[in-house]
Structures are given as C-alpha cells and as structure tokens.
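Subject: Structure handover and notes

Hello,

Here is the structure for you to load. My notes come after it.

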Amino acid sequence: MPYPEIRPRRLRRNAAVRRLVSETRLDPAELVVPMFVKEGLTEPRQIASLPGVLQHSRDSLRKAAVEAVQAGVGGIMLFGVPAERDATGSGGLDPNGILNVAIRDVVAEVGDATVVMSDLCLDEFTSHGHCGLLTPDGGVDNDATLRAYAEMAVAQAAAGVHMVGPSGMMDGQVGVVRRALDAAGHQDVAVLAYAVKYASAFYGPFRDAVESALEGDRRTYQQDPANLRESLREVELDVAEGADLVMVKPALPYLDVVSAVRAAVDVPVAAYQVSGEYAMVEAAAANGWIDRERVMLETLTSIRRAGAQIILTYWAVEAAQLLRQRY
C-alpha cells in the first residue's frame with residue numbers, strides 16, 4: 001500500500017501509544033545490583049572512579065540491601081574487600097571472612113525478599129590479584145584453583161547465599177562447584193555461571209572498588225574480545241556441567257554475543273553492565289554532554305533487547321525506582 005496510507009508514525013504519536021506498542025520492557029525484578037563490603041569500615045566510602053557507588057561497612061550494607069528490596073530489584077551480587085590478602089586467597093574460603101560474613105548479614109536482613117548472590121572468585125582475596133592459585137612460574141593453576149572454588153562455594157552456601165557466581169573462567173569450574181554444593185547438602189543453591197567473560201579494558205573502576213592487587217593481566221583465562229564462537233563453546237560446556245543461568249560480561253560492547261548466547265541456550269541469560277560502562281556515562285553526564293537518566297535507561301533497554309533476561313548494573317536501584325514511577 002503506497003504512501004500516505006502507511007504511516008508508522010501513528011504508533012509514535014504520544015507517550016501512551018508508544019508505551020502500548022513497546023517491544024522491549026525493563027522490569028525492576030530483572031535488575032541485580034552489585035555491592036561491595038570492605039572489612040573494617042565503620043562508614044561507607046565513595047569509590048572515586050564509580051560516582052555514586054560505595055564500599056560499604058557491614059551496617060551500611062544491610063541498609064543498602066533493604067533499600068534495594070524496597071526498590072524491587074531482583075537480586076544483590078556481593079563482593080568482599082578483605083583487610084589482608086595472601087597468595088592463596090584464604091580469606092575467601094574462611095567462614096568468617098568478610099564476604100561470608102556479609103552474606104549472612106544480608107540474608108538475615110532481607111531473607112528471601114530478593115536473590116542474594118555472591119561472587120565466587122579468589123581475585124579479591126589474593127595478594128597477586130589473580131583469580132586462582134599460581135604455579136611456581138607464575139601461571140594460574142587451573143585444577144588447584146578448582147579445589148579452592150569448591151571449598152569457597154560450600155562456605156558461601158553455608159552462609160546462606162541463594163546463588164553463587166563462579167567468575168574466574170577456570171575450565172571445569174561449574175561442574176566442580178555443582179558437585180561440591182550437592183555433596184555438602186546444598187542442592188538448592190543455584191549456579192550463575194560467568195560463562196562468557198572477556199579480558200576487557202572496561203573493568204578498570206571495578207578494580208578500584210575491590211582494591212585489586214593484580215600483577216600482569218588475565219588473558220590466559222579470560223576470553224579474547226575478538227572471539228564469538230569460543231563464547232558459544234564456553235556456554236555449552238557450562239550448561240552441560242550444570243549451570244542454572246549463564247552470564248555475558250561486559251554487556252554493551254558485546255551485545256552481539258548476548259544475542260547469540262540467548263539463541264543458543266534454554267537457561268536464563270544474564271549480562272553484566274560493568275564498571276567501565278557505568279563510569280563512561282557518569283563522566284559524560286557530569287560534563288553536561290548527555291541526559292543521564294535517558295542514557296541510563298537506553299543502555300539497559302539495549303541489553304534487554306539483545307536477549308539478556310537479567311542485568312547486573314550499578315544503576316539497578318535507581319533504575320528500578322525510575323521504572324516504578326514510569327509504569
């Protein structure tokens with residue numbers, strides 16, 4: 001039918017019509033907020049490279065968890081920042097280490113009102129900053145690291161976590177974690193597999209947040225940003241090993257990967273809008289170059305449109321509040 005009978009603009013004429021025909025919707029329940037808790041803090045501390053994001057004390061973490069629940073977010077991903085580190089990351093396995101204490105605090109505060117998740121990786125706890133144990137020549141020992149991950153998973157489950165997030169990109173990590181949890185009687189604890197995690201330059205501000213001691217880089221275990229087919233293989237392996245959900249990290253530079261993963265699997269797909277993505281928008285907004293709220297929601301919508309059912313984002317609480325006002 002020729003112009004002017006066909007007029008797509010009819011479905012854009014006002015906000016009510018646009019809302020009615022919107023193809024992609026964000027929901028607060030699909031958003032997960034990462035939170036950092038630092039051992040020994042008595043007051044929360046601003047992270048310079050992540051405006052608006054805090055290193056929490058135990059008390060402020062509990063309050064922030066309640067605020068997140070009130071906003072309607074779907075989950076909280078916890079990261080611990082220990083006062084001391086060692087070569088084996090023993091603080092991550094210690095039942096009284098800061099991350100396991102924080103899990104207990106948050107679960108006691110909010111119960112099952114949201115999904116309490118925990119990062120299952122050694123990088124925050126090792127003196128060298130790598131995600132695993134090192135060999136004598138300085139490489140990361142995959143299989144020795146798996147044994148540590150198994151112990152770490154059981155410690156986090158015993159603390160009450162609902163979902164563990166193995167993020168170290170060790171071969172076989174999902175299967176080892178799943179078997180360890182089941183053997184310890186934690187069959188109901190889910191595994192959110194960081195199945196696709198690139199060796200990205202977008203992680204910089206996160207390393208400030210956890211006060212990373214990284215020496216060198218992680219290119220021998222995180223993925224090459226040039227590769228897509230490799231990601232699909234990683235996802236296939238993780239699902240076969242028992243992953244309940246899979247995640248792509250980072251998000252915005254890898255929307256094609258998110259879409260391909262969504263098409264390849266039947267389990268829920270998450271994407272992590274990482275610190276560098278967040279910091280770029282905040283920096284541009286602080287300079288008055290962009291409309292901060294519109295860009296925030298536009299980026300999240302793009303990740304959702306690409307196929308991620310769950311989005312980890314530092315804007316989760318604020319975005320959830322905005323969405324509730326909108327709808």
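The notes below go through the annotated sites, the core and two helices.

First, a caution: this is a predicted model.

**Active-site annotation**

Start with the two lysines. The UniProt record, an unreviewed entry, lists Lys197 and Lys249 under "active site". They are spread over 53 residues of sequence, yet they cluster in space, with a largest C-alpha distance of 4.8 Å. The lining of the largest cavity includes both Lys197 and Lys249.

Lys197 sits in strand S7, residues 190-197. Is Lys197 buried or exposed? Its relative accessibility is 6%, so Lys197 counts as buried; the cut-off for buried is under 20%. The side chain of Lys197 reaches the backbone oxygen of Ser167 at 3.0 Å. Beyond four places in sequence, Lys197 touches Ser167, Met169, Tyr203, Gln222, Gln223 and Lys249. So Ser167 appears both as a contact and as the residue whose backbone oxygen is reached.

Lys249 belongs to strand S8, residues 245-249. Lys249 is also buried, because its relative accessible area is 6%. Its contacts, leaving aside neighbours within four places in sequence, are Tyr194, Val196, Lys197, Tyr198, Tyr203, Tyr272 and Val274. Tyr203 is in contact with Lys197 and with Lys249.

**Tyr272 and the core**

Tyr272 leads from Lys249 to the largest nonpolar core. That core has 106 residues. Which of them touch the most other members? They are Phe36, Leu78, Tyr149, Val246, Val261 and Tyr272. Helix H4, residues 142-159, gives the most to this core, with nine residues.

Tyr272 has a long contact list once neighbours within four places are left aside. Among its contacts are Pro34, Phe79, Tyr194, Phe206, Leu312 and Tyr314. Met247, Val248, Lys249, Pro250 and Ala251 are also in contact with Tyr272. Tyr194 touches Tyr272 and Lys249.

**Binding-site annotation**

Next, two arginines. The "binding site" annotation in UniProt, again from an unreviewed entry, covers Arg207 and Arg218. Arg207 and Arg218 are both included in the lining of the largest cavity.

Arg207 is in helix H6, residues 204-209. Arg207 counts as partly exposed, because its relative accessibility is 25%. Outside four places in sequence, Arg207 is in contact with Ser212, Leu214 and Arg218.

Arg218 is in the loop between H6 and helix H7 (229-241). Arg218 is buried, because its relative accessible area is 6%. With the same sequence neighbours left aside, Arg218 is in contact with Asp123, Gly129, His130, Cys131, Arg207 and Ser212. Ser212 is in contact with Arg207 and with Arg218.

**Helix H5 and Arg178**

How many of the 11 residues of H5 are buried? Eight are, so H5 is largely enclosed by the rest of the structure. The buried ones are Gln173, Val174, Gly175, Val176, Val177, Arg178, Ala180 and Leu181. What covers them includes strand S5 (115-120), H4, strand S6 (163-166), S7 and H7. Just after H5, Gly185 takes a positive phi of about 85 degrees.

Arg178 is one to inspect. It lies in H5, residues 173-183. At 12% relative accessibility, Arg178 counts as buried. Its side chain makes a polar contact with the side chain of Asp182, at 2.9 Å. A polar atom of that arginine side chain also lies 2.9 Å from the backbone oxygen of Val189. Beyond four places in sequence, the contacts of Arg178 include His186, Gln187, Val189, Glu241 and Asp244.

**Helix H10**

H10 covers residues 292-306 and has 15 residues. From first C-alpha to last it reaches 21 Å, close to the 21 Å expected at 1.5 Å a residue. Asp291 caps the N-terminal end of H10. One of its side-chain oxygens lies 3.3 Å from the backbone nitrogen of Glu293. After H10 comes Gly307, with a positive phi near 130 degrees.

Met296, Leu297, Thr299, Leu300, Ser302, Ile303 and Ala306 are buried in H10. Helix H8 (255-264), strand S9 (269-272), strand S10 (310-312) and helix H11 (316-326) are among the elements covering them.

Best wishes

Note on methods: Residues are numbered from 1 along each chain as its sequence is written. This is a predicted model: local features need pLDDT of at least 70, side-chain atom pairs count only at pLDDT 80 or more; totals for chains, interfaces and linings use all residues. Side-chain values use heavy atoms; hydrogens and water are left out. Helices (H or I, at least four residues) and strands (E, at least two) are DSSP runs, numbered from the N terminus. The expected span of a helix is 1.5 Å times one less than its number of residues. Buried means under 20% relative accessible area, exposed over 50%, partly exposed in between (1.4 Å probe, protein chains only). Contact means heavy atoms within 4.5 Å. A polar contact is a pair of N or O atoms within 3.5 Å; within protein, one must be able to donate a hydrogen and the other to accept it, and residues adjacent in sequence count only if both atoms are side-chain atoms. UniProt positions are given in the numbering used here, feature names are shortened, and annotations may be inferred rather than shown by experiment. On a 1 Å grid over the protein atoms alone, a cavity is a set of points where a 1.4 Å probe fits but cannot get out, and a pocket is an open set with protein on both sides within 12 Å along at least five of seven lines; lining residues have an atom within 4 Å of a point. A nonpolar core is a set of buried Ala, Val, Leu, Ile, Met, Phe, Trp, Tyr and Cys residues joined through side-chain atoms within 4.5 Å.
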